[in-house]
Structures are given as C-alpha cells and as structure tokens.
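Subject: Structure for your review

Dear colleague,

Please find below the sequence and structure that I am handing over to you. My findings follow directly after it.

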Amino acid sequence: MGATTLITVAPTGAESEKSDVPALPVTLEELVQTAKECEAAGAAVIHVHIRDDDARPTLDPARLRDTVRALRESTGLIIQLSTGGAVTDPYEDRIRVLDAEPDMCSLTCGTVNFGDDVFMNPWPFMVELYRRTQELEVVPEFELFDLGHIAALHRLLDKHGLPYGGHVHCDLVMGVPGGMPGDARTLVAAVEALPEGATWSATGIGRTTLPVMFAALSAGGHLRVGMEDTVTFAKGRPVTANVQLVERAAQAARLAQRPPMTSQDARGLLGIKP
Ligand code: KMH
Ligand code: ZN
C-alpha cells in the first residue's frame with residue numbers, strides 16, 4: 001500500500017450560528033447524514049461538536065452519548081468528540097465529554113486568543129484531561145493553535161507518557177485570529193518542532209483553508225476540513241454541504257498521489273481501541 005492521506009471532517013464547530021449558515025449540520029439527523037456523505041467521499045475521522053434544540057452549542061452528556069451511538073450505527077468513521085466545546089464551557093463539562101466513550105477526543109495544548117475571546121486550556125486542565133484519556137482508553141488528538149502549544153505537548157508527553165494507543169497524532173489549527181498564521185513557513189516550523197514519530201494533520205481557518213491544505217499535502221501531512229473551520233468554498237461561494245470540502249480535499253490528496261486513507265487503516269495508525 002502506498003502513502004495515503006487521513007482526512008478528518010469537522011462539520012459543525014461551536015462558533016457559527018445556524019441562522020447565519022443554514023447548511024450547518026446541527027440536529028442529530030443532519031449530523032448523521034453529513035457523516036455518511038463525508039465517509040463516502042473519503043473522510044476517516046469525524047470531529048464532533050453538538051448543538052441543543054435551539055442549535056446552540058452544548059456538552060449535554062446524554063446527547064453526546066446518543067450522538068456517538070448514532071454515528072457508530074450509521075458509519076465506520078472514527079468518532080472524535082471535541083473537548084474544546086465553546087469558549088464559555090466549564091472545564092468539568094469538557095472533561096465529562098469522555099464519559100460518552102468516543103474513539104478519540106481533541107486535547108488542546110494551551111490557552112490561545114480566539115478572535116475576541118480566549119480559549120482557555122491551562123496546564124492543570126490539560127493534565128487532568130490527558131490522564132482521563134489514558135484511564136478511559138480514548139485516543140487524544142493534540143490540537144496545536146500556536147508554536148508554544150508544541151512545547152506544552154512535549155512537556156505533557158515527558159511528564160505523563162504516551163497516549164492510549166501508543167501513537168502521537170496532532171492537528172495544526174492555523175489562521176485563528178490570535179493563534180499561529182496559516183501559511184507554509186509557519187506550518188514547516190511547526191512540523192519541525194513536533195515530537196519524533198508523530199503524525200499530523202493541518203487545517204486553515206477561513207481564507208487560510210487552501211494555503212494550509214496545499215502546504216500540508218506538500219509537507220507530507222494529513223488534512224482536516226469542514227464547516228467548523230470555513231463556511232466559504234471560494235470567494236463569493238458559501239459552502240453548501242460539508243461533503244463539498246471533503247471531496248475537494250480527497251481530490252487534492254489523489255492529485256498529490258496520496259489518496260484518502262480508509263477508516264480501518266486510520267484505526268491502525270492511531271491505535272484506536274478495537
Ligand atoms: N470551539 C473552540 C473554542 C476543539 O474542538 O477541541 C475550540 C475548538 C477546539 O473547537
Ligand atoms: Zn472543534
């Protein structure tokens with residue numbers, strides 16, 4: 001088997017309002033439909049934020065469990081729940097996300113300015129969340145919004161050992177106003193600083209989506225795409241469905257001679273619990 005590209009779809013996020021972005025999947029039915037389409041188009045992992053009945057972000061435990069169950073029943077995707085939530089979510093609720101028994105979770109390696117807000121990830125919270133992933137055998141994806149987050153990741157691994165599954169997988173989240181810029185030279189600097197043997201994907205927020213996607217493919221990385229990160233397909237063209245972004249990423253990956261990785265291969269790579 002030749003080299004392949006792991007594609008993660010992040011279909012919803014916590015930032016866009018359904019009223020502003022009608023194509024955003026916010027109900028369980030919309031999420032499951034989106035997941036099926038994106039899996040068929042080449043995604044192997046789904047990064048999940050959920051919404052309540054009013055389409056507002058929530059970390060409601062019962063809803064998270066129902067979501068994990070429904071996605072497992074309907075797709076073979078690796079289910080990665082967000083522990084970032086929305087910037088207003090309390091730490092306890094973010095840690096409780098793991099009780100929904102996802103395959104993976106996000107784990108952000110430091111605090112970052114986030115537009116006009118602050119996304120809080122102080123060291124003691126990172127450690128508590130990390131130890132909980134190890135106890136519950138959930139594979140973390142280390143979210144890196146800034147170069148300093150990579151230093152915190154090294155510190156976490158030095159002090160608390162390898163993640164469940166034995167493999168370190170990171171996601172560079174680039175172009176957040178307040179985080180690292182979404183350009184090729186920053187991506188290369190970040191990749192050079194990652195732990196030995198780590199795999200990584202990258203995503204560029206908003207207008208950095210395409211530069212980051214092409215830089216990641218050129219540098220041998222994997223891809224994350226989705227309406228959490230961009231709601232514009234091209235200038236003046238809103239995204240009409242997440243699958244558009246996955247199809248474009250899959251096409252670019254095939255052009256780069258690294259076609260999409262199956263979710264089965266991704267489970268092996270990431271060390272997901274059988
Ligand atoms: N919604 C952001 C505040 C994650 O999912 O772990 C955090 C975020 C990162 O989206
Ligand atoms: Zn997220």
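A55 lies in the loop that joins β3 (50–51) to β4 (57–58). In this predicted model, A55 has a positive phi of about 70°, although A55 is not a glycine. Such a value deserves attention because most residues other than glycine have a negative phi. Is A55 buried or exposed? A55 counts as partly exposed, because 15 C-beta neighbours are found inside 10 Å; a residue needs 20 or more to be buried and 12 or fewer to be exposed.

E101 is another non-glycine residue with a positive phi, here of about 55°. E101 is placed in the loop between α3 (91–96) and β6 (104–108). With 16 C-beta neighbours inside 10 Å, E101 is therefore classed as partly exposed.

A positive phi also occurs at a glycine: G42, just after helix α1, takes a value of about 125°.

Helix α1 itself covers residues 28–41. How far apart should the ends of its 14 residues be? At 1.5 Å a residue, the helix should span 20 Å, and the end C-alpha atoms are indeed 20 Å apart, so the two values agree. Several residues of α1 are buried, namely L31, T34, A35, E37, C38, E39 and A41. The elements that cover these buried residues include β1 (7–9), β2 (45–48), α2 (61–74) and α8 (242–255).

Helix α2 also contains A62. A62 is exposed, because 8 other C-beta atoms lie within 10 Å of its own. The C-alpha atoms of A62 and V97 are separated by 10.0 Å, and the two residues are 35 residues apart along the chain.

The last topic is a pair of helices. Two packed helices are described by the angle between their axes and the distance between the axes. For α4 (residues 123–136) and α5 (residues 147–160), the axes come within 11 Å and cross at roughly 50°. The two helices are therefore oblique to each other, and α4 passes α5 in a right-handed crossing. Which residues meet there? From α4 they are M126, V127, Y130 and R131, and from α5 they are A152, L156 and H160. By class, this contact of α4 with α5 has five nonpolar residues, one polar residue and one charged residue.

Yours sincerely,
A colleague

Note on methods. Residues numbered from 1 in each chain as written. Chains lettered and ligands numbered in written order. Predicted model: local features only at pLDDT ≥ 70, side-chain atom pairs only at ≥ 80, totals over all residues. Axes fitted to C-alpha atoms, helices over the stretch in contact; angles between N-to-C directions. Helix = DSSP H or I, 4+ residues; strand = E, 2+ residues; numbered from the N terminus. Parallel < 35°, antiparallel > 145°, perpendicular 65-115°, else oblique. Left-handed = near helix turned anticlockwise from the far one by under 90°. Contact = placed C-beta atoms within 7 Å. Nonpolar A, V, L, I, M, F, W, Y, C, P; charged D, E, K, R; others polar. Expected span 1.5 Å × (residues − 1).
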